[in-house]
Amino acid sequence: MKRLKLACLFLVTFFLLANTGLSAQNARVDVARVKVGAASLWQAAIGDSIRGTPHLQAGSVVLVGENGRVRSFFQSSTPLWNFDARGTAVPHIARSYEAATYICNTEGVFMAINRVGRELWRLNLGKPISFAPAVGWDGRVFIPLDSTMTCRTASGNGLWSIDLGSNIAFAPILDTTGSVATVLQNNDFVKIHQFSHVERVRLDRLPVLIVSLDEGDRQSYVLMYQNGQTEKIYFNGSARRGSALSKTGFPSLPAPPVAAESRGSQFVVVLRDGRVLCVNASGQTVWTRNSHEAAEERGTANLSIGQAKMMFDERGVYAITIRGVSAFAAEGRRRFVHRLQTVSSGVPALCDEGLLWACGTDNVLRVYKIDVRPRTVPRNRFYGFEPEGNYGMGNPPPSPWTGQRSRYHDVEQDRVYEQILAEIRAGQIGTNEPIYVAYMMEMIGFFLGNPHYSPVRPDVKPIQRVRLINLLALVGSRETIPFLWNIFDRDPEPAVRRACADAIGRIGVDPTGRSFLSYNYLLSPNNPNIDPQLVLAASSSIAMLCRFSGPPLAPEGIRVLRYFTNLPSVPNNVKAQIRAELDGLFREGLDQPIQ
């Protein structure tokens, strides 16, 4: 009898776990081994209604509740952090490629938070934002507020701020060129270049949806209106400034749209009646299917804006609504339907690992495994999938100073340096950013590939290279990191190498962890010319990278710092300073991998 009771208890427990999922506190889920199923993998009582869509990146989610609390969970069910926004957070959130989270509270304080909930920097805007910021390909952040668009580096340095002349009326989107597109209250459609140049064209009314298309030889936008009518805007990159945008007609949709997404030269849209359409750049319908929301599929056939979103990637098409998900192959074949047992308070989010994150109206976060099809785009072991493109800051076009011998004169170098410094300090480098970055790289790396280079009488003295490296750090593009690795590896001057290490740390992001390899190679025990100050600079750089990105980059960096403390050639006073950095990282919990 006792064995029978134990068996019954085991079966009841198994049934409950299979049908209700595991709580976030009681079990950790191995996402790679979990099979697709209708029941939730795990769930967590939030105790608060979630505002908006869960924000996903690098295997974790960030949620904002009605009470303004901000919290994060890892995909395995591990609670990561609760963040005190120093007031009530507004629901307009963005996350970067490195899993930094950008939030704003109702007092207008804009904050950047790293992957483990540590505040990186803050900016007082004076009032709260009304739309989520957009994050560019190299980590720059576009912050909309009233009629102003402000651009900051990933580490918070100001790049530019422009007044658009009318308040922003549409959530900014990142288009297929890495620029930002939005619509103003005066009905101007604006394309805001990553370097602050603005193109605009006047609309007759405000759209409800915008998608950006890459048509190979040109870029375009499709604007969708509440009644199903559409309009197309072309961008001509070779046109003179101020006239690069032009409007043209586009076939109407068969019903009002509620969500859309693009990929290449096609876009997919879910309509109010639950139908899903795939449309090409000419406006022709490639295919149409019913989602779980269509009346024919036992749906409500009455969606509205804010109750659905679309995803379109190499895996196919996903129509995600507050009641479930319909997945289709790229050619339109239905793959599966997943219906939620509890209506979500906001639109659920589907992550790259095939997990659906849904916050129910009962204030419970539920996570489901709904897809096992893997993504095939390049993936970084620290941060996940690579950005869609780059801004060319790693290899910019030649600067206007190229070929001018006078640029190596001390007086001319001082003049250009002061010119760049003034614009950076004013936070208005703007359209000059590419030429200034090109100039700085040309001057810092003047010796690269130069067979006549003389370390005794260099064209650009070490002190001049150091101050330009410091300026490059303030511009802060992730794309310049490989250049700094190269200079660190090849410049013979320790002071220049120290400046490179410091710049990498201040930029705050290292896409691949390659900096650690450079530091390891240069500071190997077999190197007879180890500079203690260079070891200290590299250690400080590693600590800054660890604090900015958090795990899994941080444990890698901590291992390198431990290695430095065992180098016999490093003085004890330097080792003590490195140990102090390590102690700080340990206190912040950055030595622990996220599981």
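In this predicted model, Ser 541 sits in helix α8, which covers residues 532-549. Ser 541 has a relative accessibility of 0%, so it counts as buried, the cut-off being under 20%. Setting aside neighbours within four places in sequence, Ser 541 is in contact with Ala 501, Ile 504, Gly 505 and Tyr 519.

Tyr 519 is a good place to pick up the thread. Not counting residues up to four places away in sequence, Tyr 519 touches Phe 488, Ala 501, Ile 504, Ala 538, Ser 541, Ile 542 and Phe 564. Ala 501 and Ile 504 thus turn up on the contact lists of both Ser 541 and Tyr 519. Tyr 519 also belongs to the largest nonpolar core, a group of 100 residues. Tyr 102, Phe 110, Met 149, Met 440, Leu 484, Tyr 519 and Phe 564 are the ones that touch the most other members of that core. Helix α8 comes back into the story here, as it gives the most to this core, with 10 residues. There is also a second, separate core, made up of 17 residues, with Ile 50, Phe 73, Leu 355 and Cys 359 among them. As a general point, nonpolar side chains in soluble globular proteins tend to be buried together.

Next comes a sheet. Four strands make up an open sheet in the order β11-β12-β13-β14, and the pairing is antiparallel. Strands β11 (134-135) and β14 (158-163) are at the edges with a single partner strand each, so one side of each has no neighbour in the sheet. Strands β12 (residues 141-145) and β13 (residues 148-152) run antiparallel and are joined by five bridges. One of the paired residues is Val 141, whose bridge partner in β13 is Arg 152.

Tyr 391 lies in the loop between β35 (384-385) and α2 (410-425). With a relative accessible area of 8%, Tyr 391 is buried. Apart from neighbours within four places in sequence, its contacts are Gly 136, Trp 137, Asp 138, Arg 140, Phe 142, Leu 174, Thr 177, Gly 178, Gln 194, Phe 195 and Glu 479. Thr 177 is 214 residues away from Tyr 391 in sequence, yet their C-alpha atoms are 8.5 Å apart in space.

That leaves a pocket. The second largest pocket holds about 290 Å³ of space. Its lining has 16 residues, and Ala 58, Phe 74, Arg 115, Arg 381 and Pro 552 are the ones nearest its centre. Sorted by class, the lining comes out as eight nonpolar, four polar and four charged residues.

Technical notes: Residues numbered from 1 in each chain as written. Predicted model: local features only at pLDDT ≥ 70, side-chain atom pairs only at ≥ 80, totals over all residues. Heavy atoms only, no water. Pairing = 2+ DSSP bridges. Helix = DSSP H or I, 4+ residues; strand = E, 2+ residues; numbered from the N terminus. 1 Å grid on protein atoms, 1.4 Å probe; cavity = no way out; pocket = protein on both sides within 12 Å on 5 of 7 lines; lining within 4 Å. Points joined across faces, edges and corners; volume = space filled by probe spheres on them. Nonpolar A, V, L, I, M, F, W, Y, C, P; charged D, E, K, R; others polar. Buried < 20%, exposed > 50% of the residue type's maximum accessible area, 1.4 Å probe, protein only. Contact = heavy atoms within 4.5 Å. Core = buried A, V, L, I, M, F, W, Y, C linked by side-chain atoms within 4.5 Å.
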